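Work through the exercises below with the coordinates open. Each task is followed by a stepwise solution.

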Amino acid sequence: MFRVLYEVVASLAIVQGAGLPLVLVGSGWLWWRQAAQLEALTRAGAAAERRGGKDATDARAALARLPTRAPLRCPACGAATSLRVDATLCTHCGTRGELPADYTALAQLRPQLRALTSRANRHWRVAHLLTRAPVRWLLTAMIFVEPLVLLPVLLIGSNLYPDTWLDRTLTELGEPVAVVLMGFVLLGFVVWMILFIMLAGTSRGLASKLPGMPVFAELALGTRQGECVACGGAIEYEARGIACLCPYCHVENFRVRFVARRRLEAEARERQTRSVLFAATTILEDLTGTVCVLMVALVAIPGLAAAVYAWMGD
Ligand SMILES: [Zn+2]
Ligand SMILES: [Zn+2]
């Protein structure tokens, strides 16, 4: 029984020791990526700030001044036009007109918002997991498990069973390789213990910095009744629809205020979602940075020093 435990712990010790260079490179890469994302998010935030500079009260007042619905008319002949994906098309003379500005802006915002939301969700979940209490407890427990459980098992086991597959593999590898590997195994215990101390502390400090992931209400389904702005005939339209074609006079009733409000909402959602993504990315950057700095200080610099010393000795 103890022999099995010893072999498991010994394998674990080799992985955590020999894996140090991998952790060094991996944490450096992740850290660099998070930092680059933070910079891009800051730039995107500043750009959005410049675009939608007007404040919320002004925007609401402007919204109230807009008509509820307006007919879409041809800029050339004044006849009714129909909405197309990229333009309006006159049913009378065939002239293509520009789509209403709010409609175009909303159409552009929607896919951006979807992509931003799924990114924010992914980052938020990882940041949430890493700053939750059970993970912190596990990290704190590992601080004591390393020197008080794993290391004694390894030392006692290696004395009790000097002829496991591990010892045979080490003999086959030859003495220089075995010595370096054992050095990494011992270094692994020290480095991982310090790493767990730092991560448990950083995770505790960051826990309060993650805001909740916002939940946005969906628009209600169903239909609404109204009057055509051109002929006064009864029209029925989708509650989520942006326009309604009058069945009597064939004029497109564009929902001016509704689309303008959707645009404002989408812009507000984008800002809120981006700020959550920013907070989550900041937490991930902090954690990966902690690991990377420690690895440089405890593995890369001593490793380089040892290599230089060995080279000078030759
Ligand atoms: Zn026309
Ligand atoms: Zn009509």
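The exercises that follow use a predicted model and cover its nonpolar cores, a helix pair and two single residues.

**Exercise 1. Find which residues of the largest nonpolar core touch the most other members, and which helices supply the core.**

Step 1. The largest nonpolar core has 22 residues, and Ala-127, Ala-280 and Leu-287 touch the most other members.

Step 2. At least two residues of this core come from each of α2 (20-51), α4 (101-130), α7 (175-206) and α8 (256-313).

Step 3. The biggest contribution is that of α8, with nine residues.

Step 4. Take Leu-287 and set aside its neighbours within four places in sequence: Leu-287 is then in contact with Leu-130, Leu-199 and Thr-202.

Step 5. There is also a second, separate core, which has 16 residues, among them Ala-80, Cys-228, Ala-243 and Cys-244. As background, nonpolar side chains in soluble globular proteins tend to be buried together.

**Exercise 2. Determine how the axes of α4 and α8 are placed relative to each other.**

Step 1. A packed helix pair is described by the angle between the two axes and by the distance between them.

Step 2. For α4 and α8, the axes come within 8 Å and cross at roughly 25°.

Step 3. Angles under 35 degrees count as roughly parallel, and α4 and α8 are therefore roughly parallel to each other.

Step 4. The crossing of α4 and α8 is left-handed.

Step 5. Sorted by class, the residues in the contact of α4 with α8 are 20 nonpolar, four polar and nine charged.

**Exercise 3. Classify Leu-113 by its C-beta neighbours and list its contacts beyond four places in sequence.**

Step 1. Leu-113 lies in helix α4.

Step 2. A residue is buried at 20 or more C-beta neighbours within 10 Å and exposed at 12 or fewer. Leu-113 has 18 inside 10 Å, so Leu-113 counts as partly exposed.

Step 3. Leaving aside neighbours within four places in sequence, Leu-113 is in contact with Ala-266, Arg-269 and Glu-270.

Step 4. For Leu-113 and Ala-305, the separation is 192 residues in sequence and 49 Å in space, C-alpha to C-alpha.

**Exercise 4. State what phi His-250 has and where His-250 is placed.**

Step 1. Most residues other than glycine have a negative phi.

Step 2. His-250 is not a glycine, yet has a positive phi of about 60°.

Step 3. His-250 sits in the loop between β7 (243-245) and β8 (252-254).

Step 4. Because 14 C-beta neighbours lie inside 10 Å, His-250 counts as partly exposed.

Methods: Residues are numbered from 1 along each chain as its sequence is written. Chains are lettered from A and ligands numbered from 1 in the order in which they are written. This is a predicted model: local features need pLDDT of at least 70, side-chain atom pairs count only at pLDDT 80 or more; totals for chains, interfaces and linings use all residues. A nonpolar core is a set of buried Ala, Val, Leu, Ile, Met, Phe, Trp, Tyr and Cys residues joined through C-beta atoms within 7 Å. Helices (H or I, at least four residues) and strands (E, at least two) are DSSP runs, numbered from the N terminus. Two residues are in contact if their C-beta atoms, placed from the backbone, lie within 7 Å. Axes are lines fitted to C-alpha atoms, for helices over the stretch in contact, and angles run from 0 to 180 degrees between N-to-C directions. Angles under 35 degrees count as roughly parallel, over 145 as roughly antiparallel, 65 to 115 as roughly perpendicular and the rest as oblique. A crossing is left-handed if the near helix is turned anticlockwise from the far one by less than a right angle, and right-handed if clockwise. Ala, Val, Leu, Ile, Met, Phe, Trp, Tyr, Cys and Pro count as nonpolar, Asp, Glu, Lys and Arg as charged, and the others, Gly among them, as polar.
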